[in-house]
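Biologist: I should like to take a close look at a single part of this model. Please set the part in its wider context as well.

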Amino acid sequence: EWWATEGKTYAIGAEYEVNSDVIFVAKWVGLCKVVYNTDGGSSVESKTVHDMDTIEMPAAPTKDGHRFLGWYTTDKNNLMQPGDVFNVTDSVTINAKWIAQYKYYFDNNDGNDYDEASTIVDENTEITIELKPTRTGYVFKGWSDGETTYAVGAKYTIKKDTVFTAEWAQLFTYYYDNNYG
């Protein structure tokens with residue numbers, strides 16, 4: 001675009017009738033580089049835009065074992081979502097924010113009464129262990145994560161992929177013979 005002395009803006013190639021001396025002043029528009037840092041996620045192509053342009057946040061990238069939370073520039077708590085608009089005033093890096101996700105499931109260890117499907121949750125999700133399986137000839141002792149045994153009703157914070165294995169104590173039947181006396 002070009003500016004004339006009368007304060008009007010004219011595009012390059014536009015016609016202008018000259019009736020007197022006039023000075024055209026070039027209007028320069030800066031270019032800004034927008035880089036998307038996906039922090040190990042699928043790539044998002046960088047772009048070059050004019051300063052003061054408005055861009056739309058791209059679709060969420062993907063990253064194995066993680067859930068996308070949003071885009072941010074400097075404040076990790078001020079997230080933009082795909083489709084949100086952002087005013088570009090200078091070259092900028094827009095970062096992806098992720099949260100790790102983990103699987104947990106319950107291995108009934110030859111018991112029954114529930115489905116052994118795994119559940120995926122965000123890191124640091126607190127669960128309540130509610131399942132109480134049964135097994136003929138055994139008493140259920142609790143759920144072990146390999147280090148600790150948890151009773152039904154216990155709270156557990158998921159910090160990694162976790163398998164809870166049912167622990168059992170075998171029942172024995174004792175007969176007392178009172179014939180001796």
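In which loop is the place of N124?

Modeller: In this predicted model, N124 is placed in the loop that runs between strand 10 and strand 11 (125-128). Its backbone deserves attention: phi of N124 is positive, about 70°, although the residue is not a glycine. Most residues other than glycine have a negative phi. With a relative accessible area of 48%, N124 is partly exposed; the upper limit of that class is 50%.

A related case is found in the loop between strand 9 and strand 10, where N109 lies. Phi of N109 is near 50°, again a positive value in a residue other than glycine. N109 counts as partly exposed, at 31% relative accessibility. The loop between strand 9 and strand 10 (119-122) also holds N108. N108 has a relative accessible area of 8% and is therefore buried, since buried means under 20%. Leaving aside neighbours within four places in sequence, the contacts of N108 are Y114, E116, W143, A166 and W168.

One of these partners, W143, leads to the nonpolar cores. W143 belongs to a core of 14 residues that also includes I127, I129 and Y156. This core is separate from the largest one, which has 16 residues. Within the largest core, V34, I55, W71, F86 and I94 have the most contacts. Strand 4 (31-37), strand 7 (66-72) and strand 9 (92-107) each supply at least two of its residues, and the largest share, four residues, comes from strand 9. F86 is in contact with D53, T54, I55, M57, T73, M80, V92 and I94, when neighbours within four places in sequence are left aside.

As for the wider context, the protein has 15 strands and zero helices. Its radius of gyration is 33 Å, well over the 16 Å that the globule rule gives for 181 residues, so the protein is more spread out than a compact globule. The C-alpha trace spans about 135 × 25 × 20 Å along the principal axes. Of the 181 residues, 27% count as buried. The accessible surface comes to about 12,600 Å², and 47% of this belongs to carbon and sulfur atoms. Among contacts between residues at least 6 apart in sequence, 49% join residues at least 24 apart. Finally, the protein carries 15 positive and 28 negative charges, whose mean positions are 6 Å apart.

Methods
Residues numbered from 1 in each chain as written. Predicted model: local features only at pLDDT ≥ 70, side-chain atom pairs only at ≥ 80, totals over all residues. Heavy atoms only, no water. Rg over C-alpha atoms; globule rule 2.2 N^0.38 Å. Buried < 20%, exposed > 50% of the residue type's maximum accessible area, 1.4 Å probe, protein only. Contact = heavy atoms within 4.5 Å. Areas by Shrake-Rupley, 256 points an atom, 1.4 Å probe, with all protein chains shown as cover. Lys, Arg positive; Asp, Glu negative; His and termini not counted. Charge placed at Lys NZ, Arg CZ, Asp CG, Glu CD. Core = buried A, V, L, I, M, F, W, Y, C linked by side-chain atoms within 4.5 Å.
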